[in-house]
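Biologist: Please show me the chain and its ligand. I would like to go through the fold and then the binding site.

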Amino acid sequence: MAYSYDPQNIFAKILRGEIPCKSVLETEHCLAFEDIAPQAPNHVLVIPRGPYVCYDHFAAEASDAEVVDFTRTIGKICAMLGVEPGNGGGGYRLIANSGEAAVQEVPHLHVHVLAGRPLGRMLERA
Ligand code: AMP
């Protein structure tokens, strides 16, 4: 696998504190913050602190501790937003755009947590 991480991407700058974000949760290995252009009433981005371009890069190269923290942080965000369907919430959608076909704009792994309105079907047919 050949991924080259661009340390000048905007999420790397957020992680280094060079540009601000509306932080929601910080953990040892992750940061969660509000998307600057929300697509739903709740739109939080969860990113690992490590230099991973996209999901498969992270899955292949992150440590077990990073993978566990990332997964649990996403779960904690769902709990903080009160959207867990098993706990009386209205549900949510997770999206991890990766690469060209998915129109990934920022080349640092991020999971979108979207909730707060009916989100429609998973994909529109092109
Ligand atoms: P993607 O198309 O999956 O790469 O999504 C990138 C997301 O990053 C978009 O939803 C943008 O609105 C969001 N975004 C870009 N710059 C910032 C920023 N400075 N702070 C928060 N979110 C951002």
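**Fold and ligand site**

Modeller: The secondary structure comes to three helices and five strands. This is a predicted model.

Biologist: In what order do the elements of the chain run from the N terminus on?

Modeller: There are three helices and five strands to place. From the N terminus on, the order is α-β-β-β-α-α-β-β.

Biologist: What radius of gyration does the chain have?

Modeller: The C-alpha trace spans about 40 × 35 × 30 Å along its principal axes. For 126 residues, a compact globule would have a radius of gyration near 14 Å. The chain agrees with that, at 14 Å.

Biologist: Which element gives the most to the shell around the ligand?

Modeller: The ligand sits in the largest pocket. Helix H1 (10–15) and strand S2 (30–34) are the elements that give two or more residues to the shell. The top contributor, with three residues, is H1.

Biologist: By class, how many residues of the shell around the ligand are nonpolar?

Modeller: There are 16 residues around the ligand. Four of the shell residues are polar and three are charged. The nonpolar ones number nine.

Biologist: Which residue has a side-chain N or O atom 2.5 Å from an oxygen atom of the ligand?

Modeller: Asp35, Asn97, Glu105, His110 and His112 come nearest to the ligand. For His110, a polar side-chain atom lies 2.8 Å from a ligand oxygen. The 2.5 Å distance belongs to the side chain of Asp35.

Biologist: How much of the ligand's accessible area does the protein cover?

Modeller: Val103 also approaches a ligand oxygen, with a backbone N or O atom at 3.2 Å. On its own, the ligand has 500 Å² of accessible area. The protein covers 85%.

Conventions: Residues numbered from 1 in each chain as written. Predicted model: local features only at pLDDT ≥ 70, side-chain atom pairs only at ≥ 80, totals over all residues. Heavy atoms only, no water. Near = heavy atom within 4 Å. Polar contact = N/O pair within 3.5 Å; in protein donor to acceptor, adjacent residues only side chain to side chain. Areas by Shrake-Rupley, 256 points an atom, 1.4 Å probe, with all protein chains shown as cover. 1 Å grid on protein atoms, 1.4 Å probe; cavity = no way out; pocket = protein on both sides within 12 Å on 5 of 7 lines; lining within 4 Å. Sits in = over half its atoms within 2 Å of the grid points. Helix = DSSP H or I, 4+ residues; strand = E, 2+ residues; numbered from the N terminus. Nonpolar A, V, L, I, M, F, W, Y, C, P; charged D, E, K, R; others polar. Rg over C-alpha atoms; globule rule 2.2 N^0.38 Å.
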